[in-house]
Amino acid sequence: IKIAMINIHKELKNQNLKTKMLIQVHDELVFDVPNDEIELVSKMVKEKMESVMSLRVPLTVKIKIGKNWAEVS
């Protein structure tokens, strides 16, 4: 998760996105994403997290979107 966080942070900066990575909760990452970046950031985060490391068991990522923590937990 730490490597994925670093890769995601770099990509957010490289693309000059307004999205902010707020917190890590166990194996989850929480972001503040402007509406116009949701689709782009969702795809990028999923790709970065799933491809961070090659394992025998594939890493799968679920993206949830909501206005607050209660909507996505």
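**Exercise 1. Place M21 in this predicted model: which strand holds M21, and which residue of β2 stands opposite M21?**

Step 1. Start with the strand: M21 is found in β1, and β1 covers residues 20-25.

Step 2. Look across to the neighbouring strand. β1 and β2 run antiparallel, and 5 bridges join them. In that pairing, M21 faces F31 of β2.

Step 3. Now list the contacts, skipping neighbours within four places in sequence. M21 touches M5, I8, H9, L29, V30 and F31. Notice that F31, the residue opposite M21, turns up in this contact list.

Step 4. Try a C-alpha distance too. M21 and N68 sit 47 residues apart along the chain, and their C-alpha atoms are separated by 14 Å.

**Exercise 2. Is M21 buried or partly exposed?**

Step 1. Take the number: M21 has a relative accessible area of 24%.

Step 2. Hold that against the cut-offs: buried means under 20%, and exposed means over 50%.

Step 3. M21 is at 24%, so M21 counts as partly exposed.

**Exercise 3. Which two residues that are not glycine have a positive phi, and where are they found?**

Step 1. One of them is N16, with a positive phi of about 50°. N16 belongs to the loop between α1 and β1.

Step 2. The other is H26, with a positive phi of about 55°. H26 is in the loop between β1 and β2, and the hairpin of these strands has 2 residues between them.

Step 3. Check the accessibility. N16 has a relative accessible area of 68% and H26 has 71%. Exposed means over 50%, so N16 is exposed and H26 is exposed.

**Exercise 4. Which residues make up the largest nonpolar core, and which elements give two or more residues to it?**

Step 1. Go through the core members. There are 12 residues: A4, M5, I8, L12, L17, L29, F31, V41, M44, V45, M49 and V61.

Step 2. Sort by element. Those giving two or more residues to this core are α1 (2-14), β2 and α2.

Step 3. Zoom in on V45, one of the core residues. Leaving out neighbours within four places in sequence, V45 is in contact with I8, F31 and I63. Of these partners, I8 and F31 are listed in the core.

**Exercise 5. What does W69 contact, and how exposed is W69?**

Step 1. Find the helix: W69 is in α3.

Step 2. Find the partners. Setting aside neighbours within four places in sequence, W69 is in contact with V25, E28 and V30.

Step 3. Compare chain and space for one of these pairs. W69 and V30 are 39 residues apart along the chain, with 8.8 Å separating their C-alpha atoms.

Step 4. Classify the exposure. W69 has 44% relative accessibility, so W69 counts as partly exposed.

**Exercise 6. How many residues line the largest pocket, and how do they divide by type?**

Step 1. Begin with the space: about 1,000 Å³ lies in the largest pocket.

Step 2. Count the lining. The pocket is lined by 30 residues, and L29, V30, K62, I63 and K64 lie nearest its centre. The elements that give two or more residues to this lining are β2 (28-32), α2 (38-50) and α3 (69-72).

Step 3. Split the lining by type: 18 residues are nonpolar, 6 are polar and 6 are charged.

Definitions and conventions:
Residues are numbered from 1 along each chain as its sequence is written. This is a predicted model: local features need pLDDT of at least 70, side-chain atom pairs count only at pLDDT 80 or more; totals for chains, interfaces and linings use all residues. Side-chain values use heavy atoms; hydrogens and water are left out. On a 1 Å grid over the protein atoms alone, a cavity is a set of points where a 1.4 Å probe fits but cannot get out, and a pocket is an open set with protein on both sides within 12 Å along at least five of seven lines; lining residues have an atom within 4 Å of a point. Grid points are joined across faces, edges and corners, and a volume is the space filled by probe spheres set on the points. Helices (H or I, at least four residues) and strands (E, at least two) are DSSP runs, numbered from the N terminus. Ala, Val, Leu, Ile, Met, Phe, Trp, Tyr, Cys and Pro count as nonpolar, Asp, Glu, Lys and Arg as charged, and the others, Gly among them, as polar. A nonpolar core is a set of buried Ala, Val, Leu, Ile, Met, Phe, Trp, Tyr and Cys residues joined through side-chain atoms within 4.5 Å. Buried means under 20% relative accessible area, exposed over 50%, partly exposed in between (1.4 Å probe, protein chains only). Contact means heavy atoms within 4.5 Å. Two strands pair if DSSP finds at least two bridges between them.
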